[in-house]
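Here is a friendly walk through one model, from its sheet to its helices. Have the viewer open and follow along.

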Amino acid sequence: MESRSTKGMVEALAKVKSAVSNKEIVAYLTHYYVGGGEIVASDGRLVAGAPFPDDREYVVPASEFEKAIDMAGDDGKLTLSEGSIKVSLSRARVNIKTLDPTVYSYLKPEGDKFEIPDNMIQVIRDLAPFMSDDASRPWANGIYFRGGCAYATNNVIVATSEVNDEFSAPLVIPVWAVDFLLSNPQEPTEMSYTENQVAFYYEDGSWLRSLLVAQEPPGVIIELCEPIPLSPGGVEIKSDFREAFDLVSNIVESEIVFTPETLEGGKRAADIQTDVSTSVTDKCTWHPKYISLVLEAATHWDLSNAPDACRWWGGKTMRGLIVGRK
């Protein structure tokens with residue numbers, strides 16, 4: 001049968017490979033569908049498609065296909081036969097079994113397209129570290145958009161940022177869609193959404209469709225953030241504090257003690273104390289994991305309320321709260 005060049009296939013695979021399931025529960029979810037000049041991958045929660053330099057129809061196992069196309073690069077040939085494909089390069093040939101493409105189905109994007117807010121992907125990138133991994137609170141396993149703002153929380157920290165343009169409809173973009181969006185070196189130019197799905201569209205014709213989290217976060221998340229002014233308050237987080245924190249967090253395991261003039265902690269048979277101004281008014285304790293997350297995002301904070309919720313600020317409109325240990 002007629003062969004096709006593998007030129008451009010490596011790049012096309014890179015745009016959809018993150019959508020392939022790594023579980024063998026349903027065979028088709030670990031495969032690529034190729035048809036009509038497009039390649040599609042789905043793990044059941046999200047579906048991704050991209051233009052593909054082959055207009056024939058077949059369903060091929062993802063892992064084996066990726067390895068074969070990586071081997072061939074742009075210089076190979078792909079030949080389609082009944083029940084298999086052959087990827088060849090020079091004197092090497094890889095034969096891969098295929099599945100029946102007529103029983104493969106996937107959900108396509110829905111809703112009216114509109115131009116994506118110009119800072120939305122940056123907001124997603126900023127808030128992603130603050131998403132929760134608590135499966136009992138699915139609304140926290142993503143980023144919540146409502147009324148021109150976005151929110152993320154891990155139950156110790158809540159973070160928010162403004163979204164340019166009016167993007168007011170409430171929806172939670174789940175962690176799996178966030179991970180896919182941030183793994184893609186290009187940014188989408190348009191999006192659409194309905195009650196249960198959101199889709200993103202790229203300039204080169206590739207796209208992403210994801211299920212949405214059905215449960216909205218409790219209103220207290222917004223209530224906590226609304227009083228935080230946009231303009232930074234408190235004190236600037238200076239380099240001497242960051243250096244002192246890094247020093248102590250390399251030794252301690254689960255607790256760092258802040259006093260007005262020191263950072264302290266210990267692990268097993270070792271303990272450490274370093275002199276630095278912390279801006280707290282009373283001795284308080286924090287988990288280094290959560291302080292690290294804030295320090296990566298923040299330029300200013302106000303720890304005078306510790307261990308109760310303390311405000312922090314970072315970037316143009318990013319801000320939030322962090323709670324210490326009592």
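Which residue of strand 4 does Val-40 stand opposite? The partner of Val-40 is Gly-49. Please keep in mind while reading that this is a predicted model.

## The open sheet

That pair belongs to the meeting of strand 3, residues 38-42, with strand 4, residues 46-51. The two strands run antiparallel, and five bridges join them.

Zoom out and you will find eight strands in an open sheet, with antiparallel pairing. Reading across, the order is 5-2-3-4-16-15-14-9. Strand 5 (58-61) and strand 9 (114-115) are the edge strands, each pairing on one side only.

## Helices on the sheet

Helix 2, residues 62-72, lies across strand 2 (31-35), strand 3 and strand 5. Relative to strand 5, helix 2 runs at about 90 degrees.

Helix 4 also packs on the sheet, where it touches strand 4, strand 15 (197-201) and strand 16 (207-211). The direction of helix 4 makes about 165 degrees with that of strand 16.

## Where helix 3 meets helix 4

Helix 4 (residues 175-183) has a helical partner too: its axis and that of helix 3 (residues 120-127) come within 10 Å. The two axes cross at roughly 115 degrees, and helix 3 passes helix 4 in a left-handed crossing.

Which residues make this contact? From helix 3 come Ile-121, Ile-124 and Arg-125, while helix 4 supplies Val-178, Leu-181 and Leu-182. By type, the residues of this contact are five nonpolar and one charged, with no polar ones.

## A covered helix

Is helix 7, residues 288-297, mostly covered or mostly uncovered? Helix 7 is mostly covered, with seven of its 10 residues buried. To see them in your viewer, select Pro-288, Tyr-290, Ile-291, Leu-293, Val-294, Leu-295 and Ala-297.

## An exposed lysine

For a contrast, turn to Lys-97, found in strand 8 (residues 92-97). Why does Lys-97 count as exposed? Its relative accessibility is 71%, and exposed means over 50%, so Lys-97 falls in that class.

Lys-97 still has company: apart from neighbours within four places in sequence, Lys-97 is in contact with Pro-61, Gly-83 and Ser-84. Ala-140 is another matter, 43 residues from Lys-97 along the chain, with 41 Å separating the two C-alpha atoms.

Conventions: Residues are numbered from 1 along each chain as its sequence is written. This is a predicted model: local features need pLDDT of at least 70, side-chain atom pairs count only at pLDDT 80 or more; totals for chains, interfaces and linings use all residues. Side-chain values use heavy atoms; hydrogens and water are left out. Axes are lines fitted to C-alpha atoms, for helices over the stretch in contact, and angles run from 0 to 180 degrees between N-to-C directions. Helices (H or I, at least four residues) and strands (E, at least two) are DSSP runs, numbered from the N terminus. A crossing is left-handed if the near helix is turned anticlockwise from the far one by less than a right angle, and right-handed if clockwise. Contact means heavy atoms within 4.5 Å. Ala, Val, Leu, Ile, Met, Phe, Trp, Tyr, Cys and Pro count as nonpolar, Asp, Glu, Lys and Arg as charged, and the others, Gly among them, as polar. Buried means under 20% relative accessible area, exposed over 50%, partly exposed in between (1.4 Å probe, protein chains only). Two strands pair if DSSP finds at least two bridges between them.
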